[in-house]
Amino acid sequence: MNAPLPAAACLHSPWTLARRAARMNPSVIREILKVTERPGIISFAGGLPSSKTFPVAEFEAACAKVLQDDAAGALQYAASEGYGPLRAMVAEQLRSQAAAAGLTWAVDPDQVLITTGSQQGLDLVAKVLIDAGSRILVESPTYLGAVSAFIPMEPEVVSVDSDEHGVVMTDLRAKAAGARFLYVLPNFQNPTGNTMSEARRAALSSAAAELNLPLIEDNPYGDLWFDAPPPASLTARNPEGCIYLGSFSKVLAPGLRLGFMVAPKAVYPKLLQAKQAADLHSPGFNQRMIAEVMKGGFLDRHIPTIRTLYKAQRDAMLEALAQHFPHSASQPDQSLTWNTPAGGMFLWARLPKGMNAVDLLPLAVDKGVAFVPGAPFYADHGDERSLRLSFVTPSVEDIHRGVAALASAIRQQQGN
């Protein structure tokens with residue numbers, strides 16, 4: 001039996017990390033979520049769907065049906081592209097949505113790649129499209145998880161000015177030269193909750209085609225509209241110039257970790273090869289369960305119940321904010337200001353002049369409420385006064401109590 005190495009031999013680690021590993025950082029949101037696990041904390045921080053929306057009975061029935069009808073296939077290795085019937089369902093759903101918006105998008109199931117959550121889609125995009133030093137464009141602010149997926153490939157990440165209507169076209173044109181792609185979330189964006197207008201989508205699609213700039217369209221929240229569906233997708237307007245990412249997490253269950261991407265045939269084979277290298281295939285059992293649940297138009301019946309719940313909770317947060325910050329509209333620098341999202345899961349707010357959301361967070365947690373500071377959502381020059389509030393997980397009662405606690409923390413920080 002070999003003797004253990006002497007202590008001196010263990011002083012220096014034998015591991016040499018890849019250069020890209022130094023660019024990997026912990027998720028700010030995931031770290032904040034650890035705080036929200038403390039008893040009594042009302043969390044506006046997480047981007048978690050409400051567990052009330054999970055169709056448990058339908059999944060229970062689907063699980064039994066899949067095991068009864070196709071246990072061998074469900075539990076075996078599978079094709080990397082994904083379960084054929086599920087890919088066909090995705091293609092049909094996207095064709096129907098485009099048609100409802102007056103566009104023809106001839107989505108072929110062979111262009112659909114099932115991914116292990118839409119987050120994997122971002123990782124595959126990074127591996128296939130980014131070289132060290134590549135210029136990539138993102139909105140300002142943008143989804144933190146996308147930047148985390150892109151950064152290890154060592155790109156130059158450039159923020160494009162954005163407003164409540166979407167990407168600002170003059171700034172896009174000024175920064176587009178040589179960019180590999182522009183990453184956008186047109187519908188109920190994470191973190192702002194903003195939705196890109198029809199006019200801005202038309203302008204962006206036209207400019208992207210003119211500039212030969214590919215678009216990565218991420219749409220996990222598009223079905224969660226409250227009063228009217230958002231305008232037609234960017235990909236439906238120019239399928240050959242876009243990669244489209246979607247998810248089952250926000251409308252069915254995030255724990256199954258399934259999403260999808262639709263890619264032009266020019267890049268699909270390389271995305272598929274990257275997936276094969278990453279995980280061979282997404283769980284076949286989970287794919288069959290989702291396909292079984294989706295049969296018979298279930299989503300058409302289920303998603304409206306999610307919209308109703310989330311709209312009520314958004315309205316509760318707007319009501320609570322108006323109650324506790326009554327002067328926000330007339331004195332934008334002296335009180336909290338916020339937007340009114342038309343769907344999705346998030347509301348974007350801005351603190352009074354001179355305040356910093358990172359500094360406010362510990363005080364808010366001490367008072368029993370948590371949020372996500374907005375600065376980390378910027379690729380550069382983050383707005384220290386901004387913060388993201390998620391309204392879909394807490395109850396209406398907790399929303400009112402949480403906003404009251406937030407107001408108390410702000411007053412204390414201001415010395416009032």
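**View 1. A salt bridge within helix H4 joins Lys127 and Asp123.** In this predicted model, the side chains of Lys127 and Asp123 come together at 3.0 Å, N to O. Both residues belong to helix H4 (residues 118-129), where they sit 4 residues apart, about one turn of the helix. Lys127 is partly exposed at 41% relative accessibility, and Asp123 is partly exposed too, at 24%. If you would like to look for others, the model has 18 salt bridges in total.

**View 2. Lys275 and Asp279 form a salt bridge in helix H9.** Here the N to O distance is 3.0 Å. The two residues are 4 residues apart in helix H9 (residues 268-279), so about one helical turn separates them. Is Lys275 buried or exposed? With 0% relative accessibility, Lys275 counts as buried, while Asp279, at 25%, is partly exposed.

**View 3. Ser80 sits in the loop between helices H2 and H3.** Follow the chain from H2 towards helix H3 (84-100) and you will meet Ser80 in the loop between them. Its relative accessible area is 12%, so Ser80 is buried, the cut-off being under 20%. What does the side chain of Ser80 reach? It reaches the backbone oxygen of Leu280, at 2.5 Å. Beyond its neighbours within four places in sequence, Ser80 also touches other residues, among them Leu113, Ile114, Leu272 and His281. Lys275, from the previous view, is another of the contacts of Ser80.

**View 4. Helix H2 bends at Asp69.** The bend is about 90°. A straight helix of 20 residues would span 28 Å, yet H2 (residues 56-75) covers only 21 Å between its end C-alpha atoms. Look for the buried residues Phe59, Ala62, Val66, Gly73 and Ala74; the buried residues of H2 pack against helix H10 (284-294).

**View 5. A salt bridge connects Arg288 with Asp70.** Their side chains meet at 2.9 Å, N to O. Arg288 belongs to helix H10 and Asp70 to helix H2, so this pair ties together parts that are 218 residues apart in sequence. Arg288 is buried, with 13% relative accessibility, whereas Asp70 is partly exposed, with a relative accessible area of 30%.

**View 6. Four strands make an open antiparallel sheet.** The strand order is S10-S11-S14-S13. Strands S10 (337-338) and S13 (372-373) are the edges, each pairing on one side only. S13 and S14 (residues 386-390) pair in the antiparallel sense over 2 bridges, and Val372 stands opposite Arg388 in S14.

Notes. Residues numbered from 1 in each chain as written. Predicted model: local features only at pLDDT ≥ 70, side-chain atom pairs only at ≥ 80, totals over all residues. Heavy atoms only, no water. Expected span 1.5 Å × (residues − 1). Bend = angle between axes of the 7 residues up to and from the residue. Buried < 20%, exposed > 50% of the residue type's maximum accessible area, 1.4 Å probe, protein only. Contact = heavy atoms within 4.5 Å. Polar contact = N/O pair within 3.5 Å; in protein donor to acceptor, adjacent residues only side chain to side chain. Pairing = 2+ DSSP bridges. Salt bridge = Lys/Arg side-chain N within 4 Å of Asp/Glu carboxyl O.
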